[in-house]
Amino acid sequence: MTQRINLPEKLFDKTPYNIYQDEHFTVTTMQYDTGVAGLKISNNRGYIVILPFQGFMIWDAVFDQLSLKMASAFDKPYLGTQVTDTYGMFQFTSGVLASGTPSETDQHPLHGEYPMTKLDHIYLEFDQDNIIIGGEYEYVKGFGYHYRTHNTVIMHAASALIDIGLKVTNLSNYQTMPLQYLNHLNYCYVDGAMMTANIPENALKLRQSIPSHVKPTASWRTFNQALKASGEVVEVLDNGSRFDPEIVYMSTDLRPLVDRAVFKMSLPNGPTFVTSFNTKELPFVTRWLLNNPDQQVAAFAIPGTSHPDGYNAASQAGTLIYLAAGETQSFTVTTGIGE
């Protein structure tokens, strides 16, 4: 029998408090000294920390004594209004009316309106072998769009894999709304790691454009041109200086290739990270590699409904989703350390 515990914001205090514990799970409410509320969910393999009132982002994921998240200048989450105010997380929701990096012609903020959203309602549901952390949010604007989101993260007993879910419902009585979404997973950079996938190598294409935030160096231009000329897809994280600034690959439509995409990153003499998803829900993937003294990230698979080039690029490419009045769209990604 599934049971539910509601978690009002007042439970999140600077003194950590275990609000639930059984033989498989411990759930702790907390608050960082920056004022950000955190929810720590642990099993016998490790833990995750969700920021329930800050976009429902997963700040950290630690399994088998290894933090899976990127390295950054942020040693803790900070309050803010845009995703760059606390860019050190393991995962966040990029969307949902627009996502990705805006072009000069786009009007939306970086990664859309959602990453720092304060959710309305947080809860736990649990049974013998699983625990669900859920959050709900209603967005409404006069003369604008009206939608509801339902975020979930499921942790399993004795497992280092989690399931990240998002459900979006158009609450308008008549108006169609656009939907664009990236499940932005920011994995750690580990020298010597090898990346593989169950798709053909040529399904990943090097990004051809140079966004405004990328400041090319002479050596980066040489490396980037060599990758363009050869069509090589970087599969091994060696010579990290080549990924400063970032190297980005974006996939072709994965739906004709596989029903379920499985991307892996195997650490030398260590575990294998895995990210898998249904390509009918999320037809595209982005690979983002960056290594400099301030940020190290090997986002070997960022699943999405489109490429991460902003709203207008998705509109022109025909990859925007349009939800009819009352329609719901759901997405699920499984990620963590492979069993």
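Biologist: Where in the chain does Thr-34 lie?

Modeller: In this predicted model, Thr-34 belongs to the loop that links β3 (26–31) and β4 (37–43).

Biologist: Why is Thr-34 called buried?

Modeller: Buried means under 20% relative accessible area. Thr-34 has 18% relative accessibility, so the residue counts as buried.

Biologist: Which residues does Thr-34 touch, leaving out those up to four places away in sequence?

Modeller: Those are Lys-76, Pro-77, Tyr-78 and Leu-79. A contact here needs heavy atoms within 4.5 Å.

Biologist: What makes Pro-77 a polar partner of Thr-34?

Modeller: A polar atom of the Thr-34 side chain lies 2.6 Å from the backbone oxygen of Pro-77. The cut-off for a polar contact is within 3.5 Å, so this pair qualifies.

Biologist: And how far is Thr-34 from Ser-330?

Modeller: From C-alpha to C-alpha they are 33 Å apart in space, with their positions 296 residues apart in sequence.

Biologist: Let's turn to the sheet. What is the order of the strands in the open sheet of 9?

Modeller: The order runs β1-β9-β10-β11-β12-β23-β19-β18-β15, with antiparallel pairing.

Biologist: Why do β1 and β15 stand at the edges?

Modeller: Each has a single partner strand, so one side of β1 (3–6) and one side of β15 (194–197) have no neighbour in the sheet. On average, neighbouring strands of this sheet are turned by 15° against each other, ignoring direction.

Biologist: How do you know that β9 and β10 pair?

Modeller: Pairing takes at least two bridges. Strand β9 (residues 121–126) and strand β10 (residues 130–140) have 6 bridges, in the antiparallel sense, so they count as paired. Across from Glu-136 in β10 stands His-121.

Note on methods: Residues are numbered from 1 along each chain as its sequence is written. This is a predicted model: local features need pLDDT of at least 70, side-chain atom pairs count only at pLDDT 80 or more; totals for chains, interfaces and linings use all residues. Side-chain values use heavy atoms; hydrogens and water are left out. Helices (H or I, at least four residues) and strands (E, at least two) are DSSP runs, numbered from the N terminus. Buried means under 20% relative accessible area, exposed over 50%, partly exposed in between (1.4 Å probe, protein chains only). A polar contact is a pair of N or O atoms within 3.5 Å; within protein, one must be able to donate a hydrogen and the other to accept it, and residues adjacent in sequence count only if both atoms are side-chain atoms. Axes are lines fitted to C-alpha atoms, for helices over the stretch in contact, and angles run from 0 to 180 degrees between N-to-C directions.
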